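Visitor: Could you take me through one part of this model closely, namely the place where two of the chains meet, and then set that part in its surroundings?

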4 protein chains.
Amino acid sequence: MSKRKICVVVTARPSYSRVKTALSAIKAHPKLELQLVVAGSALLDRYGNAVDYIEKDGFAINEKVFMVLEGENKTSMAKTTGLGVMELANTFYNLKPDAVVTIADRFETIATSIAATYQNIPLIHLQGGEVTGNIDEKVRHANTKLADIHLVSSEEARDRVINMGEDASYVFNTGCPSIDLAYEVAKRPELDFDPIEKYGGVGSSINWKDGYLVVMQHPVTTEYEQAREDVTKTLKAIDKLGIPTFWFWPNVDAGADGTSGGIRSYREIHQPKNIHFFKNMLPEDFLRLLIHSKCLIGNSSVGIRECSFLKVPVVNIGTRQHGRQRGSNVIDVTYDQKAIEDAILNRVEASDIIEEHIYGNGKAGEKIADILADITLRFHKTITY
Amino acid sequence: MSKRKICVVVTARPSYSRVKTALSAIKAHPKLELQLVVAGSALLDRYGNAVDYIEKDGFAINEKVFMVLEGENKTSMAKTTGLGVMELANTFYNLKPDAVVTIADRFETIATSIAATYQNIPLIHLQGGEVTGNIDEKVRHANTKLADIHLVSSEEARDRVINMGEDASYVFNTGCPSIDLAYEVAKRPELDFDPIEKYGGVGSSINWKDGYLVVMQHPVTTEYEQAREDVTKTLKAIDKLGIPTFWFWPNVDAGADGTSGGIRSYREIHQPKNIHFFKNMLPEDFLRLLIHSKCLIGNSSVGIRECSFLKVPVVNIGTRQHGRQRGSNVIDVTYDQKAIEDAILNRVEASDIIEEHIYGNGKAGEKIADILADITLRFHKTITY
Amino acid sequence: MSKRKICVVVTARPSYSRVKTALSAIKAHPKLELQLVVAGSALLDRYGNAVDYIEKDGFAINEKVFMVLEGENKTSMAKTTGLGVMELANTFYNLKPDAVVTIADRFETIATSIAATYQNIPLIHLQGGEVTGNIDEKVRHANTKLADIHLVSSEEARDRVINMGEDASYVFNTGCPSIDLAYEVAKRPELDFDPIEKYGGVGSSINWKDGYLVVMQHPVTTEYEQAREDVTKTLKAIDKLGIPTFWFWPNVDAGADGTSGGIRSYREIHQPKNIHFFKNMLPEDFLRLLIHSKCLIGNSSVGIRECSFLKVPVVNIGTRQHGRQRGSNVIDVTYDQKAIEDAILNRVEASDIIEEHIYGNGKAGEKIADILADITLRFHKTITY
Amino acid sequence: MSKRKICVVVTARPSYSRVKTALSAIKAHPKLELQLVVAGSALLDRYGNAVDYIEKDGFAINEKVFMVLEGENKTSMAKTTGLGVMELANTFYNLKPDAVVTIADRFETIATSIAATYQNIPLIHLQGGEVTGNIDEKVRHANTKLADIHLVSSEEARDRVINMGEDASYVFNTGCPSIDLAYEVAKRPELDFDPIEKYGGVGSSINWKDGYLVVMQHPVTTEYEQAREDVTKTLKAIDKLGIPTFWFWPNVDAGADGTSGGIRSYREIHQPKNIHFFKNMLPEDFLRLLIHSKCLIGNSSVGIRECSFLKVPVVNIGTRQHGRQRGSNVIDVTYDQKAIEDAILNRVEASDIIEEHIYGNGKAGEKIADILADITLRFHKTITY
C-alpha cells in the first residue's frame, strides 16, 4: 500500500518550532510520507534562517518557495500572500500531496490554504480555534473555514472551532506540539551551555549566572506605527531595572522595522549595560534558557504555551496574545513602562508557579501523525447549522 | 464633510446583477462616494462582458483589474486568486477607500477580502451566512471571518453569521439587492420585447409565444470532470420534452469547458429543434422573460432568490444551491434525465405558486447604503466566544 | 556520459510547427535529452490547443506553464510576459537544463530568455536575425542580445546577427525547421483527405475540388485598433471574387479580438457563400492543402517560408512580414480591397513560380540537434565591437 | 499646449545618482512634465533607501513600486524582474506617459523596457552602448533593442549602438549625467564635513585627516558564489596596508549575501583597525570624499566615470567594469591580494593624473531634457541593415 503523502508548509521560524515534533512523527509513521515545503521568511537569513535548523534536524526539504516581497509594509504583506498563492499552487500541483497542512495564523498561511483548497486537496489546519486581538485573528478563523480537518491545541479551541460550524468529528484536540519539546526538555533541564559563547549575539557581555530575564517582543501587525514606541517602553523598563537580560530579535512582520528600529536606536543612544541581544537559538537551548530564567517578558506565544508547562513566570505585554487561554504564571500589562517594571518585579519574586497542561501533555506530534494516517480525507464540507 | 469612500469590487456578471441596486443607492447617497472596481471575468467578452452593462447603466469605473489566468482548471483558479490579491492590493493602495465591499462567494472574492484586510481597510461582506455544497461554501465563510461588517440577505443567514462568532451588532439582514430589481420589474411585468430579435443568440428559431422554458445551468466547481455529463442530462430532458426553450450560456468557472463543451457537442450532434441559446441579457429583460416562462431549470441562484419573489416555478438540479433556503416554488432533482423531465412537467402545471419574501422585500440597496453611511467602521475584531 | 539536457519552450501553435523537426531530432539524438515545456497559448483551446498535437506527435511534456492573462489588450500582453518570467524561472529551477531554447519573436518568448539568462543557463535562440515591422522586431533582437548561441534560418539572418555584435563562431545558419516538413510533404504531395470532412469548421460548404484559395491573416500587434478594419478588406475582396476559399482563424495576439471580431461580424451580416472557416489543421495537411491551392492570401510567415520552397503563389498583405527576405512567388499589397483582388487574380494565373531555398534545404532539425550536441555551452558573452 | 510627460523609473541608488541632474533638467523644462517612479531596491532600507534622498532633493514621486522578491539568489532576480513587468505595466497604464525612460543595465531595468514597449509607449534608454563582462552586458544591449531612442554617454557608446542596427538619427551622445554632478562639485571641492560625524557608520574610528582610501566593491552577478572570496582579497589587502579607509557597503544583487557576508565575517574575526564602514552618503559628499582621497579601490563605475573627470586615482578590481572605456587614472587588477596592494601603492604615489572628458563635459542633464522635449517620439522601428 502506498503511503499517504502529507505536505506541510512551514513559512516562519516560530511555526517550525511549533510543529517540529509533528514533522518527526509524520516522517517516522509507517503509513505516512512527509513532503516538507519551506517558504517565506523561513528561508531568509534576516529572519533567523529557519531552513538551516530544519536541515540540521535531518528533514529533507521537498521544495523551497521564495515569496516574501520586500517592503515590510501592509501592501507588501498582501502581495506576499498573493504571490504565495501563485507559487504554492505550482508546488502542490507538482508534489501531488494527499493532504496539505497549514499552521496557525501568520498572514501568509492563508496562501497555503487557498492553494490547497482551490485544487481540491484536503486541508488540515493546526492550532485553529484560538483567540487573539489582531490580523492573526482574521487569518486563523479564515483558515478554519477553508480547512477540512482541524487539529487544535486545547479543549477551549476545540469548542470554538465546533461553534464556528465545523463538523465535530473532524476537530481533534491533539495539544500543541510545542509542548512536546518542552516535555522532553523538562526531563533534562540543565543549562548545559554558555549562551553568549555558543550564540554570540551583540550588546553588553552581561553577567547572567546569578539570574537573568528573557525578552521576546514582536511587533503587533495592525498597530503598525506604534511598534517602535511600544518596544521602547520595554527597553526603558529593562534598562532601569538593570537585571541581566537576554533579548531576542523579533521575526518578520509588517511592523518589523518599527520594533527592530526601536531596538537599534535605543541601543545606539543608551547603550544599556544589562542587555545582550540574540538573533535566534536552538529551540531546546531556548527552552532551557527559559527554565532557568527569572521571567519571560514580551508578547511571545511561548509565554502562554510552553511557559505554563515549564513553570516559568511571564510578563505578557499588550494585545498580541489577547484572548489566548493562559495559566496562572502570566501577568498581563499594557505598554506602560512602570507597569512593566512592577510586573517583572512581581514575577521575579513569585514562588507559587505551578505546572499546567492547557496546551497538551507532550504527545501532540504523535497524536497528529496518528490522526493523519487514519482519518478519511475529504475536501467537501458544509457548515453544521 | 468629506464623503465616505466605499469601494465595491465586481468580479463577475452575476455578482453585478446581485448588487446593482446597492451600487445605485451608494452612488446616490449624500454621505457616500462610490469607487467601482471591475475585475476578473466581468471584464471578459466570453463571460458576458459585464463591464459593458455596467457602463451602459451609467456607473463610472474607477479601475479595471485584469486578473483571470487562462487555463480554466483548478490550478489556474488558485493562481487567478493569487494574482487578484496582488493587483487589488495596488488598487486599494491607490484608491484609498474608507471601506471595501466584497460580494458573496465566488472563488476570486477572497482576493478582495485579503487585499483589503491586510491593508487594514474595513471589509464589508455582502450575502454571507448562506449554505451551499461546494468550494463556494469555504470561500463564503472564509470571507465572513475576514470581514468586519456583514450585510446578509435573510434571517437564517444572519443567525448563521452570528453563530460563527461574529459580533451581532455588525451583522445586518438587508435582504438581497437582486430582489430589488425583481420588485421593480414586478411593477411592470409585461414582456415588451422579442428575445431573439433583441439578443440574437444561436440555435433554433423557436416559437416561444405560446410558452417556453428557461435553462441556466452552471458547472459545479469541485465536481469538475462531471460538468459535461451533468449538463447532457438536462439537454436530453429538454430535447425530449420538446417545449420551446431559452438556454443561457454558463459563466466562467473551473468546469466551464465541461459544461460549455457538453452544450456545444450536443448541439452539433443532435441539433435540438426546440432550444435557442443566449449568451446574456439585460437583467430586467431576463426577469421579465422569467416571469412569463413556464419554469426555470438548472442551478442558478436566481431560481432560489428572485423566482420565489416573482412566483416562477423552478426545477433546481444538483448540489449547487444545496443548503440555500428556498421557497415552495422549487423542486430539487439530481442529475437524472427522467427526474428532470418529471419535475419540469410537474412545475409547468403547478398552479399554487405563492409570493415569498425570504431574501428581502425589494429595498435592500437602500438599506445597504444607509448602513454603510452611518455605521462605525472598524478593522479589528475578536470572535465572540 | 550523461546526456545534455535541452529544454525547449513552446508558447504557441505556430512556434510548434516551426520547430517540430528540431524537437524530433533532439529527442532522437544519442547525446541529447529533450525537456519539453509547453506554455502560454499553446495550452489553450481557443488558440488551437497545440498541446494536443504535440502529444499526438509522441512528445512527452515535462511541464505545462499557464501564463496567459485574459484581456487580450496591450497591458495584459505585458503582464502575461511578466507572469511568464516568474513561472518559467520555477520551471528551469526544477528541470535544471543544460541549455534553454527560445523560439523566434512572439512577445512572450522574452520571458523564456530572461528566466534562463538570469539563472545563468545558456540560452539558444532560434530564428533570430530576421526583419519585420512591428513589436516582434524589438522582441526578436532583444532575444538575440540575451542569447548565447544563435541558430538562424538564412544567410541574411546570420549576417544580421553578427552585425549586431554577436560572436560569429556562435551564429549558425541551420535553415528553418519549417522547411523540413515542407521537404517531407513535397515528396508525397497528394491531397489525400477531404478538408471539410476531416476538420469540420464553420461557414459555407464550398465546392473546393476545382480550385480554391487559402487565407490566413493575423492581427498586427502594434496596429491594434485597425485589426478589424484590416481584415474586412480581405473579406470583401474574397467575397467579391467568389473563388472557393478556406480561411484559417488567427492565433492569439493583442489584436485578436479585432480580427476575430471582424470575421465574425462579416460572416453574420454578409454570409459569404464561398468561404469555409477552420480553426486549425495538422501541419502536414495544411501544407498539402497549400500545395494544391491557387494562392495563399494574408500575412502568415508560411507564405514567406514554406511557400517559396513549395512553389505556392502568395499575396502578402500589410506590414507583418515587412523586411523578411522573400521569394519571387510573393506579391505584396497594402490593406486595400482592390489591390488585394488584383493581386489574387495575378497570382492565380501565375505560371512561372520556381522552387527557392532561402530558408534552408529541409535538414534544419538535424543540423540544430547536431550543433546543440557538440557546441561548447557558455552563458557569458561580450559584444564583438 | 500640454507638456510632454516623461516617466523615469529609478530602481536603485546608483541609478539615481547617475540621472539626478537629468531629472532636475526634465522637471525644470517648460515643455516637459516629470513623472518619477521609484521602484525595486531604491525603496529599501538595507540598500541605501534612495527614496529618502530623492524626496530630500525635492522630487515628487508619482508612484512607488515594490517588486524585490527576497532571496537574493538568481531565481529571485528573475522573479523580481517578472514581478516588475507586471507592476510597472499597471504603473504606466495609470500614468499614461508620453515616453518612458529606463536607465543603464541593472537586471530589473528590462522590466521597465518590456512594460513600456509592450504597451506601445516610446522607450528611451540612457547609457546604452557600453561594454562590460557579465549579465549587465546582456541586459544593457537587450534594453537597446527594445528602446526607440538612445541617449548614450560617450562617442564609443554611440558608435556601438548604431553598429547594433539602431537608426543613427535616434542615437545621441549626451554624456553621462553623473559627470554633471562631478562638474558642479569640482567648482567647490572643499571637504566641508566630517564623514564619521555626519554619517555614523560602523567599524574603527579611523584617523582620516592625513589621507585615506575609499573602497566600493559590488558583487559580480554571474560569478555569484565567488563573491565572498573575492571581497576577502580586498579586505586583506586593505588590512595589511594599514592606510585609513572608508569602505562603502555594496548595493543589492544576486551576490550581495556573498560580498556582505564576507565583509561581516572579516570584521568579526579580524577587526581591522584602519577600516570604517558606511552604508551610503549624499552623492555630493561622496564625490568630495573621493576628490580628497588617495585612491578609489573596487569595481564601482564611479571609478571609470566620475574619477577620470575628477582626477582621482583608481584601482579597478576584476571584471565588473571590463570593456568600459577608461581614462589613464585607472589601473586594472584581478582578485589577487598582492596585486591589489601593489596597485594601491602605485596609485597612491601617482602624480600625473590628468582630467579627461570621456563621459561628457558636465551638461548631460540639460542635453537629455532638450532632446526629450523636441524629438519626434515613436514606438516603431526596424533594424537598419
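**Where chain A meets chain D**

Guide: In this predicted model, the centres of domain 1 of chain A and domain 2 of chain A, taken over C-alpha atoms, are separated by 26 Å. The domain assignment behind that value places residues 4–176 together with 361–374 in domain 1 of chain A, and residues 184–348 in domain 2.

Turning to the pair of chains, a turn of 180° with a shift of 0.1 Å along the axis lays chain A on chain D with an RMSD of 0.1 Å, which is the relation of a two-fold axis. Within chain A, the C-alpha nearest that axis belongs to A:Leu69, at 2.2 Å from it. The contact itself draws 12 residues from chain A and 11 residues from chain D. On the side of chain A that touches chain D, helix H3 of chain A, spanning residues 74–95, gives the most, with three residues, and the residues of that side divide into five nonpolar, three polar and four charged. Because 92% of the interface residues of chain A are also interface residues in chain D, the copies meet through the same surface.

As for the surroundings, the largest nonpolar core holds 492 residues, of which A:Val8, B:Val8, C:Val8 and D:Val8 touch the most other members. Taking the copy in chain B, and leaving out residues up to four places away in sequence, B:Val8 touches B:Val19, B:Leu23, B:Leu34, B:Leu36, B:Val37 and B:Val101. In soluble globular proteins, nonpolar side chains tend to be buried together.

Key:
Residues numbered from 1 in each chain as written. Chains lettered and ligands numbered in written order. Predicted model: local features only at pLDDT ≥ 70, side-chain atom pairs only at ≥ 80, totals over all residues. Core = buried A, V, L, I, M, F, W, Y, C linked by C-beta atoms within 7 Å. Buried ≥ 20, exposed ≤ 12 C-beta atoms within 10 Å, placed from the backbone. Contact = placed C-beta atoms within 7 Å. Least-squares fit on C-alpha atoms with pLDDT ≥ 70 in both. Helix = DSSP H or I, 4+ residues; strand = E, 2+ residues; numbered from the N terminus. Nonpolar A, V, L, I, M, F, W, Y, C, P; charged D, E, K, R; others polar. Domains from an automatic or database assignment.
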